[in-house]
Amino acid sequence: MFRKKKDKKENIENIEEVSVPEEGNVKEIIVERRVGFNFSEVIIIMIIAIMFGFLLGNIINFVVFDKSGEDDELKELVSTYDNIINNYYEDVDKEELIDAGIQGMINYLDDPYATYFSGQASDDFNEELAGTYEGIGVEVMMKDNVISISKVFDGSSAKKEGLEVGDIILQVNDTDVSGKTLSEVVEMISGEDSSKNVKLTIKRGEQKLEFNVSKGTIDMPVVTSEIFTSNNKKIGYLKIEIFSLNSYEQFNSKLKELEKEGIEGLVIDVRDNPGGYLSQVKDILCLFLDKKQILYQLETKTDKEVVYGTSKSIDRDYPVSIIINDDSASAAEILASAFKESYGSRIVGINSYGKGTVQAASDLNSGDTIKYTVQKWLTPLGNWVNDVGVVPTDRVETVLHDGETLTYDNDTMLQTALSVVSE
């Protein structure tokens, strides 16, 4: 539970737990999705965005014009496309030309959070935020050229068939994995093919075992929980990895389990959390803040919306502390700010990432995705954390030496967070 994410990127690869490629690995708050734009719609949307500076508001309305009403800029763009396709002296790949055109318009915005994902990058981005994936439900790692299972997800087919942490993978579908890279083995296990099952030959101790494991939709566990004792009080702990579409459901379920155990305080850990869906962090905040309390504010050039909780009253009044670090971003910063300014929580750690904007993501008919900024978000008190970050009330830095793994004994942030809610 207390491993560093940077270590994970270096030597652990999740089967089916998709990591967004470097080009798209930015901090996100996704406020809305739209499915099914074609190329002409994309051109119109991007021209409207360029001309009017994304004056969109909280609900994004996209308008598709009849060709007879196209403006001169759109006609020039379409004419250029037609001329290149029909008259260029060499053959031109239409798909690649369209990709280049869309990428060029995204680049023009000079927005670090505007991105065009195509192909596998689009699939990876969408799966990361969906919180589900197609696979068997294991995490694997490579050490000393040996590939083994480092985690088996609860409720997965891998768990049901009896795969265990520490199992060494020898063969996948009767193909020896010796000499193959971790990525190659991951693709062999979870890659798309006509088969709905994968055969794994593994070594467990001195035994050689075979497992036929079915592929299916796996609900990625993004919230983990634990109970600690601090100052003779029972304190709950919830770690949120990302605000994917299943984060609220998992958080609410884990929270209720902790409360049944009689916790007297709660620590919420959003270290290394890159953000995710605004709806998910809003739903989580509504578990603690009522309709008189501000969760956050949204702002465009012309309008500001103050977002409150949804319940008339909230029974929860126990102390809550939030742990952040410099990789806590976007939706994670919204959560920390709301607890700090509206719930009175103490924030433990170091200044967060500092991303104060909201994006909308749209899936194209081609399967690609465009993402662009539509709003600024402000804290309940109206502060903008962009490039500044959420400032902790209790500044604590956990420093690990080379080869050292994060544990309770050296996690000074966790120890402090537990202490401040059990005083």
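Two strands count as paired if DSSP finds at least two bridges between them. With that in hand, let's work through some exercises on this predicted model.

**Exercise 1.** Work out how β14 and β18 are joined, and which way they run.

*Solution.* Start with the bridges: four of them link β14 (residues 265–269) to β18 (residues 320–324). The cut-off is at least two, so these strands pair. Next, their direction: the two run parallel. For a landmark to click on, find Ile 268, which sits opposite Ile 322 in β18.

**Exercise 2.** Place this pair in its sheet and find the edge strands.

*Solution.* First, write down the strand order, β12-β13-β14-β18-β19-β22, an open sheet of six strands with mixed pairing. Then look at the ends: β12 (223–230) and β22 (394–395) each have a single partner strand, so one side of each lacks a neighbour in the sheet.

**Exercise 3.** Describe how helices α10 and α11 lie on the sheet.

*Solution.* Take α10 (residues 331–343) to begin with: it lies across β14, β18 and β19 (346–349), at about 145° to β18. Now turn to α11 (residues 412–421), which packs on the sheet and touches β12, β13 (233–240), β14, β18, β19 and β22. The direction of α11 makes about 165° with that of β18.

**Exercise 4.** Check the length of α10 and decide whether it is mostly covered or uncovered.

*Solution.* At 1.5 Å a residue, 13 residues should span 18 Å; the end C-alpha atoms of α10 are 17 Å apart, which agrees. As for cover, eleven of the 13 residues are buried, so the helix is mostly covered, with buried meaning under 20% relative accessible area. Among them are Ile 334, Leu 335 and Phe 339. Just past the helix, Gly 344 has a positive phi of about 80°.

Notes
Residues are numbered from 1 along each chain as its sequence is written. This is a predicted model: local features need pLDDT of at least 70, side-chain atom pairs count only at pLDDT 80 or more; totals for chains, interfaces and linings use all residues. Side-chain values use heavy atoms; hydrogens and water are left out. Helices (H or I, at least four residues) and strands (E, at least two) are DSSP runs, numbered from the N terminus. Contact means heavy atoms within 4.5 Å. Axes are lines fitted to C-alpha atoms, for helices over the stretch in contact, and angles run from 0 to 180 degrees between N-to-C directions. The expected span of a helix is 1.5 Å times one less than its number of residues. Buried means under 20% relative accessible area, exposed over 50%, partly exposed in between (1.4 Å probe, protein chains only).
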